[in-house]
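Please open the model in your viewer and keep the sequence beside it, since this tour moves from one selection to the next.

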Amino acid sequence: MLSSLAQAQLQYPQTRKIDHADEYHGTKVADPYRWLEDDRSAETGEWVKAQNGVTFGYLEQIPYRRQLQNRLEEVYNYPKFSAPARKGEWFYFYKNDGLQNQSVLYRQKGLNGVPEVVIDPNKLSADGTTRLTVFRLSKNGRYAVVGFSKAGSDWQEYQVMDMQTKQYLPDKIEWVKVSGAAWQGDGFYYSRYPKPEGSALAARNENHQVFYHKLNSPQSADRLVYENKANPQRFNIASTSEDERFVFLNVSDRGRGLDGNALFAMDTKAGQKEFVPVVADITNFSYGVVENEGDRLILLTNENAPNQKVVSFDLKTKKFATLIAEKPEPITEGGVGSAGGKLFVEYLKDVTSRVAVFDLNGKPEAEIKLPGLGEAGGFGGEKEDTFVFYTFSSFTVPPTIYRYDIATKKSSVFRAPEVSFNPADYETKQVFYTSKDGTKVPLFLTYRKGLQLDGTNPTLLYGYGGFNISLTPSFNSLLVPFLEQGGVYAQANLRGGSEYGEKWHEQGMKLKKQNVFDDFIAAAEYLIKEKYTSSQKLAIRGGSNGGLLVGAVMNQRPELFRVAIPQVGVMDMLRFHKFTIGWNWIADYGSSDNPEEFKALYAYSPIHNLKEGQNYPATLVTTADHDDRVVPAHSFKYAATLQEKYKGPNPVLIRIDTNSGHGASNTKKSLELMADIYAFTLWNMGVKSLKEVASK
């Protein structure tokens with residue numbers, strides 16, 4: 001069926017080359033596909049159309065593509081709930097009936113009340129790609145800031161809902177990005193950029209401003225609270241304390257390569273009009289406000305504590321004190337919540353959650369007994385709450401919501417999902433393998449029980465390795481169709497993440513980024529050595545920074561992999577900081593403007609290290625037209641270069657979604673994308689037909 005297509009698919013659209021080069025510190029670097037950076041040009045639009053024609057023509061002839069999509073729909077089609085959040089007598093929660101494009105926001109009076117719809121985003125666009133991104137209630141619960149994004153873009157528009165009538169006020173706020181909504185009195189603080197010049201989806205975002213918006217007024221009347229034109233590549237984000245006494249300002253400068261933040265406070269009840277520094281200078285240390293008790297702030301910080309600690313800061317005496325000291329196990333990013341006068345602290349022990357409860361002076365009170373090894377999250381609320389909700393999941397345990405009673409220190413199941421497969425048929429184990437420099441790296445393996453270690457199992461190796469982000473063992477029903485075909489899902493906890501604190505992160509940053517690639521390669525070698533799979537049955541996949549990972553690794557060891565899936569990847573490491581908020585990544589990657597960092601970036605940049613004569617894996621590049629985080633130009637230029645350089649038999653295709661962004665903009669698009677990834681992967685591993693699977 002695809003035998004004739006195997007030749008036809010190699011007839012890729014002709015991509016025009018131009019004579020363009022940039023000079024970096026004495027090195028000339030050609031950029032023949034620079035024109036593809038113009039997302040608004042007709043020529044780029046025609047190129048996208050032609051590439052999609054080839055890609056979907058190939059995918060449509062895989063005989064079990066539709067079968068995979070049907071099975072994905074079956075396993076995803078179960079009710080999904082978020083943990084409830086209380087405001088007064090109301091409990092708010094999200095629910096997706098199963099295959100709804102967007103989750104619906106509900107509320108009910110009391111835990112036994114009748115749910116009523118608050119916002120159904122599915123009714124806001126014909127294709128279900130308008131997302132509800134922000135819902136922030138005022139202190140008395142009377143009003144809510146409601147944020148929406150369209151077609152997967154990171155740009156948001158804010159409106160205000162009257163919660164008594166569930167009608168919108170006339171207020172409308174545009175060009176919001178990287179922002180919360182922090183209520184104080186009859187208005188709220190938010191952050192925005194000036195309206196971009198040129199492409200709203202590609203133009204560089206600079207001069208992040210904080211405004212205060214008063215209810216029932218136009219955006220033009222909003223009060224500018226803070227900006228710093230001298231440092232346009234800073235993030236400036238406001239928040240308020242639960243009692244609304246304080247406004248906090250968090251300022252970061254990752255564009256200058258700094259990984260921490262400064263923190264300021266303004267006591268509006270005391271009549272302060274200016275921000276007072278808590279931490280005045282931006283360094284590589286981070287500080288986040290957890291709670292306040294009068295003049296005392298409780299902060300989470302990694303200052304001289306790579307695994308993070310909890311400290312207090314007295315606004316009158318300006319003195320810090322340690323409340324919860326650093327431990328060998330790192331506190332997760334944002335892993336300290338407060339409710340009912342307690343602190344809930346989530347630690348990672350070998351990438352699985354542990355949760356402890358402390359009083360507001362840091363005295364330990366309880367360990368929350370979790371149902372197993374997995375990922376827990378939640379544990380937030382208000383000071384008068386007597387219980388909190390949290391969610392627990394693992395690779396084989398669907399997200400289950402628990403209620404924790406603060407007084408009795410007991411957990412009970414509040415809501416458990418029902419999924420259309422049997423988790424008991426599968427198992428997960430964690431192993432540790434050795435990377436190139438001797439570092440031990442964790443790897444989670446999930447597969448059907450009874451797996452034979454004979455080197456023939458289709459295996460999907462997933463990684464990220466950056467930005468202090470941990471890949472924890474969380475549930476994803478979309479893995480099931482792959483596992484049902486005898487597949488092994490391998491998730492590697494590479495350096496660059498926060499699995500073992502800031503030191504683990506630092507070992508995968510800037511000039512040490514090659515460690516991340518070495519870790520991923522070593523994971524592949526481990527899977528082959530232990531006979532989970534072979535190089536002919538091994539696929540690698542990653543998104544965003546993980547797309548960069550896949551692109552770099554398939555350049556360095558193309559013979560190791562049969563299939564490569566780089567998704568929405570950062571592929572041009574010399575120009576990433578030229579688009580939208582790409583400058584924000586300099587703290588992790590470094591910058592081509594720096595001579596030493598340029599050398600490191602140029603050595604692994606996926607686009608610049610594609611070579612003729614290499615037998616690259618079958619490659620499916622994925623991106624989307626509304627990705628304004630990692631602009632699709634990265635993937636466009638990468639695919640054009642790969643198609644130019646590679647003359648072998650394997651397909652190298654690019655799939656460009658429409659009305660979608662850095663992540664799939666709705667459920668339908670997410671399922672279609674996964675079906676195509678699985679179909680492409682299995683077909684190129686030689687799987688001619690799928691095993692029959694009985695629906696549970």
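**Salt bridges and a buried helix**

Begin by selecting arginine 557, which is partly exposed because its relative accessible area is 24% (buried means under 20%, exposed over 50% and partly exposed in between, with a 1.4 Å probe and protein chains only). This is a predicted model, in which local features need pLDDT of at least 70 and side-chain atom pairs count only at pLDDT 80 or more, while totals for chains, interfaces and linings use all residues. Residues are numbered from 1 along each chain as its sequence is written, and side-chain values use heavy atoms, with hydrogens and water left out.

Add glutamate 525 to the selection: arginine 557 forms a salt bridge with it, the closest N and O atoms being 2.9 Å apart (a salt bridge is a side-chain nitrogen of Lys or Arg within 4 Å of a carboxyl oxygen of Asp or Glu). Glutamate 525 is also partly exposed, at 36% relative accessible area.

Next, select aspartate 572 and lysine 637, whose side chains meet in a salt bridge of 2.9 Å, N to O. Aspartate 572 is buried at 4%, and lysine 637 counts as buried at 3% relative accessibility. Both belong to a network of salt bridges that also links Asp22, Asp31, Arg34, Glu37 and Arg575.

Now show helix 10, residues 633-645 (helices are DSSP runs of H or I with at least four residues, strands runs of E with at least two, numbered from the N terminus). Of its 13 residues 11 are buried, so helix 10 is largely enclosed by the rest of the structure. Its cover includes helix 2 (42-59) and strand 38 (618-624).

Note on methods
The expected span of a helix is 1.5 Å times one less than its number of residues. Contact means heavy atoms within 4.5 Å.
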